[in-house]
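Me: I would like to go through this structure with you and ask, term by term, what justifies the words used for it.

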Amino acid sequence: GQINGTSGYEEAAAQGLYAALNVIRRLEDAPPLYIPRSEAYIGVMVDDLVTRGVIEPYRLFTSRAEYRLLLRHDNADVRLAHYGIADETFKQDVCTKEARVEAELSRLERTQVPVSEELSRRLAELGEPPATATQPAAQLLRRVKVTLADIWRFSAPPAPLTFEEGEQVEIRCKYAGYFARQERDVQRFQNAETRELPADMDYFSIPGIPYEAKQRFSEVRPINLGQAGRIPGIRSSDIAALLVYLEKVSREKQTARP
């Protein structure tokens with residue numbers, strides 16, 4: 001950590017793990033391990049250190065990860081098992097868990113829960129509006145105060161799920177829309193990294209970007225978004241704001257065309 005300019009035990013330990021894994025790959029003549037920013041905090045840290053440099057002791061805050069909604073402790077095994085860090089038994093366990101979670105999510109989307117006195121009473125106890133028509137179990141679960149345990153009272157799964165499996169089902173069902181939006185952002189940003197930037201762009205006219213970042217953009221004059229993101233001192237939120245501005249300008253030009 002001191003060698004690379006970071007501060008904190010967790011950061012140092014993560015770099016040691018990353019380095020050890022790549023030493024093993026080097027000895028085996030295998031390609032180096034690369035974990036993208038969208039899949040792990042360790043990926044965020046390594047990318048920051050390698051591409052942006054360090055001008056002060058580096059700490060890995062959650063705010064540095066632009067896709068932190070996807071980087072949760074509850075899905076760490078799913079995100080990282082396929083990188084070869086875990087043994088085959090663990091990977092098989094993860095695959096089995098994923099299959100059971102996906103099967104239950106699919107079942108909840110298909111299963112219709114009719115209106116009943118018991119359902120109305122439970123919704124009233126939770127302070128939720130009454131159900132006025134038959135609806136998918138997944139739709140009921142997306143209500144703020146309704147839990148998976150509540151849903152299972154009216155439609156239990158064919159086989160019991162573990163705590164972790166049930167947790168995944170509830171989180172993914174309730175926040176499916178948010179996760180889908182962030183995954184689209186990941187794909188859009190990856191596609192946009194090579195997007196060229198106008199040589200004469202007036203960065204000081206772009207809203208949502210700090211003055212210091214506007215200065216750095218104006219000094220370096222990056223040729224594309226990828227290079228812009230690697231300028232020391234530039235944060236992921238600055239790149240996101242720049243991308244939003246470029247898309248806005250593009251839409252305005254298309255609208256102005258006869």
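Me: Before the terms themselves, which pattern does the chain follow when read along the sequence?

Reply: The model is a predicted one, and in it the chain runs α-α-α-α-β-α-β-α-α-α-α-α-α-α from start to end. There are 12 helices and two strands in that pattern.

Me: What makes α1 roughly perpendicular to α2?

Reply: Helix α1, residues 9–27, packs against helix α2, residues 41–52, at an angle of about 85°, and the two axes are 10 Å apart. Angles of 65 to 115 degrees count as roughly perpendicular, and therefore α1 is described as roughly perpendicular to α2.

Me: Which residues of α1 and α2 meet there, and how do they divide into nonpolar, polar and charged?

Reply: From α1 come Glu11, Ala14, Gln15 and Tyr18, and these meet Ile42, Met45, Val46 and Leu49 of α2. The residues of this contact divide into six nonpolar, one polar and one charged.

Me: Why is Asp29 called exposed?

Reply: The relative accessible area of Asp29 is 72%, and exposed means over 50%, so Asp29 is exposed. Asp29 sits in the loop between α1 and α2, and its phi is positive, about 55°, although Asp29 is not a glycine.

Me: Why does Arg221 count as partly exposed?

Reply: Buried means under 20% and exposed over 50%, with partly exposed in between; Arg221 has 34% relative accessibility and therefore counts as partly exposed. Arg221 also has a positive phi, near 55°, in a residue other than glycine, and its place is in the loop between α10 (211–220) and α11 (225–229).

Me: What makes Glu39 partly exposed, and which residues is Glu39 in contact with, leaving aside its neighbours within four places in sequence?

Reply: With a relative accessible area of 23%, Glu39 is partly exposed, because that term covers values between the 20% limit for buried and the 50% limit for exposed. Glu39 lies in the loop between α1 and α2. Leaving aside neighbours within four places in sequence, the contacts of Glu39 are with Leu71, Arg79, Leu80, His82 and Tyr83.

Me: Why does Ala13 count as exposed?

Reply: Ala13 belongs to helix α1, and its relative accessibility is 52%; the cut-off for exposed is over 50%, so Ala13 counts as exposed. The C-alpha atoms of Ala13 and Gly1 are 8.0 Å apart in space, with their positions 12 residues apart in sequence.

Me: Why does Gly53 count as partly exposed, and how far is its C-alpha atom from that of Gly233?

Reply: Gly53 has 39% relative accessibility and so counts as partly exposed, since partly exposed lies between under 20% and over 50%. Gly53 is in the loop between α2 and α3 (76–80). Although Gly53 and Gly233 are 180 residues apart along the chain, their C-alpha atoms are separated by 8.6 Å.

Me: How do you know where Leu21 is in contact with residues beyond its neighbours within four places in sequence?

Reply: Contact means heavy atoms within 4.5 Å, and with neighbours within four places left aside, Leu21 is in contact with Leu33 and Ile85. Leu21 is a residue of helix α1. From C-alpha to C-alpha, Leu21 and Gly84 are 9.3 Å apart, at a distance of 63 residues in sequence.

Me: What makes up the largest nonpolar core, and which of its residues touch the most other members?

Reply: This core holds 18 residues, of which Leu108, Leu119, Leu141, Ile151 and Val169 touch the most other members. At least two residues each are supplied by α4 (88–110), α5 (117–126), α6 (137–141), α7 (148–154) and α8 (163–174), and the largest share, four residues, comes from α6. Apart from this core lies another, of 16 residues, including Leu225, Ile231, Ala241 and Leu243.

Me: How does the radius of gyration of the chain stand against that of a compact globule of 258 residues?

Reply: A compact globule of 258 residues would have a radius of gyration near 18 Å, whereas the chain has 23 Å. The C-alpha atoms fill a box of roughly 70 × 60 × 35 Å along the principal axes, and buried residues make up 38% of the 258 residues.

Methods
Residues are numbered from 1 along each chain as its sequence is written. This is a predicted model: local features need pLDDT of at least 70, side-chain atom pairs count only at pLDDT 80 or more; totals for chains, interfaces and linings use all residues. Side-chain values use heavy atoms; hydrogens and water are left out. Axes are lines fitted to C-alpha atoms, for helices over the stretch in contact, and angles run from 0 to 180 degrees between N-to-C directions. Angles under 35 degrees count as roughly parallel, over 145 as roughly antiparallel, 65 to 115 as roughly perpendicular and the rest as oblique. Ala, Val, Leu, Ile, Met, Phe, Trp, Tyr, Cys and Pro count as nonpolar, Asp, Glu, Lys and Arg as charged, and the others, Gly among them, as polar. A nonpolar core is a set of buried Ala, Val, Leu, Ile, Met, Phe, Trp, Tyr and Cys residues joined through side-chain atoms within 4.5 Å. Buried means under 20% relative accessible area, exposed over 50%, partly exposed in between (1.4 Å probe, protein chains only). The radius of gyration is taken over C-alpha atoms; the globule rule is 2.2 Å times the number of residues to the power 0.38.
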